[in-house]
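Here are some notes to read alongside the model. Keep the sequence and the 3D view open as you go through the points.

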Amino acid sequence: MNERTLSMRLERVAAYVPLGARLADIGSDHGYLPVALMCRGLITTAVAGEVALTPFLAAERTVRDNALGQRISVRLADGLAVIEPGDGVTAVSLCGMGGERIRDILDSGKARLSGDERLILQPNGGEQPLRQWLMDNGYGILCEEVLRENRFNYEIIVAECMEPVRYSAEQLYFGPLNLVQRSPAFLGKWQRMLRLKQRTLANVARAQQPVPEDKVQELAQQIRWITQLLA
Ligand code: SAM
């Protein structure tokens, strides 16, 4: 992968960035997403934010190699702290991190959001707590997608501020739009998850150390939901 040839995962993320956006890509690593979008003429400006020095320097190099220093600002800071009021950001991407981490970044930095930005989120696990945060903070889910690449499942969640929405516990777990679309990648992910969770439950039953009852019940509930989903 590089700024010219994105992974399928980042290509799908890129497809949800509105044309002409002023993008903040948080946790940008090499900066491939904003640089690819800028090289294709699809965004107006970008901030590539990084909390760690090595990826920050890698993003600076990608931007420099493509002579995009005037259009893409690479900044070293934690989460949404890289966004400055004058940036006029219209879209924020947070990709390739756990859902809980994305949630925590959004929560601790929400004062930096105007509420007009589109959030394009690609969590690696932890989708349920992330959807919960979106619902609790006035966001509705506009698009959802599950994809499989190199034997990993990835989810993309696109959200914007809207009228309050209430999602059920199952919608928060699977994704409200995923449940309607039932794409082959989504069903494949949950077929694999069902086998995994059934195996975990069987191991729990045989475990030497007792597992807390609420954890066992939670696992059993998830297995019931997944079984119903796939029935
Ligand atoms: N977004 C890219 C992608 O999807 O390919 C890179 C994903 S990489 C696995 C995650 C990046 O997020 C790392 O470079 C890490 O340093 C950065 N990161 C983690 N927590 C962060 C935070 N609080 N603020 C900014 N960047 C963060």
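1. Which atom of the ligand is 2.7 Å from an N or O atom in the side chain of Arg-9? An oxygen atom is the partner there. Before going on, note that this is a predicted model, where local features need pLDDT of at least 70 and side-chain atom pairs count only at pLDDT 80 or more, while totals for chains, interfaces and linings use all residues. Numbering runs from 1 along each chain as its sequence is written, and side-chain values use heavy atoms, with hydrogens and water left out.

2. Staying with the ligand, 16 residues surround it, and Arg-9, Gly-27, Glu-50, Asp-78 and Gly-79 come nearest (near means that a heavy atom of the residue lies within 4 Å). Backbone atoms take part too: a ligand nitrogen sits 2.7 Å from a polar backbone atom of Gly-27, and a ligand nitrogen is 3.4 Å from a polar backbone atom of Val-51. On its own the ligand exposes 600 Å², and the protein buries 80% of that (areas by the Shrake-Rupley method with a 1.4 Å probe; for residues, only the protein chains shown count as cover).

3. Now for the inside of the protein. The largest nonpolar core has 30 residues, with Ile-43 and Ile-72 making the most contacts inside it. Such a core is a set of buried Ala, Val, Leu, Ile, Met, Phe, Trp, Tyr and Cys residues joined through side-chain atoms within 4.5 Å. The elements giving two or more residues include helix H1 (8-15), strand E1 (21-26), helix H2 (32-39) and strand E7 (152-161); helices (H or I, at least four residues) and strands (E, at least two) are DSSP runs numbered from the N terminus. H2 gives the most, with 6 residues. A second, separate core has 26 residues, among them Ile-83, Val-89, Met-97 and Ile-102.

4. Why call H2 largely enclosed by the rest of the structure? Because 7 of its 8 residues are buried (buried is under 20% relative accessible area, exposed over 50%, partly exposed in between, with a 1.4 Å probe and protein chains only). Among those buried are Tyr-32, Pro-34 and Met-38. The cover over them includes H1, E1, E2, H3, E3 and E4. After H2 comes Gly-41, with a positive phi near 70 degrees.

5. Ile-43 is worth a click. Leaving aside neighbours within four places in sequence, Ile-43 is in contact (heavy atoms within 4.5 Å) with residues including Val-17, Leu-23 and Arg-71. Pro-34, Leu-37 and Met-38 of H2 are also in contact with Ile-43.

6. Glu-144, in strand E6 (residues 139-149), counts as buried because its relative accessibility is 4%. Its side chain makes a polar contact of 2.8 Å with the side chain of Arg-131 and reaches the backbone nitrogen of Leu-177 at 2.7 Å. A polar contact is a pair of N or O atoms within 3.5 Å; within protein, one must be able to donate a hydrogen and the other to accept it, and residues adjacent in sequence count only if both atoms are side-chain atoms.

7. Last, two backbone oddities to look at. Asn-150 is not a glycine but has a positive phi of about 50 degrees; Asn-150 lies in the loop between E6 and E7 and is exposed at 66%. Arg-182 has a positive phi near 50 degrees, and sits between helix H7 (176-181) and helix H8 (184-206).
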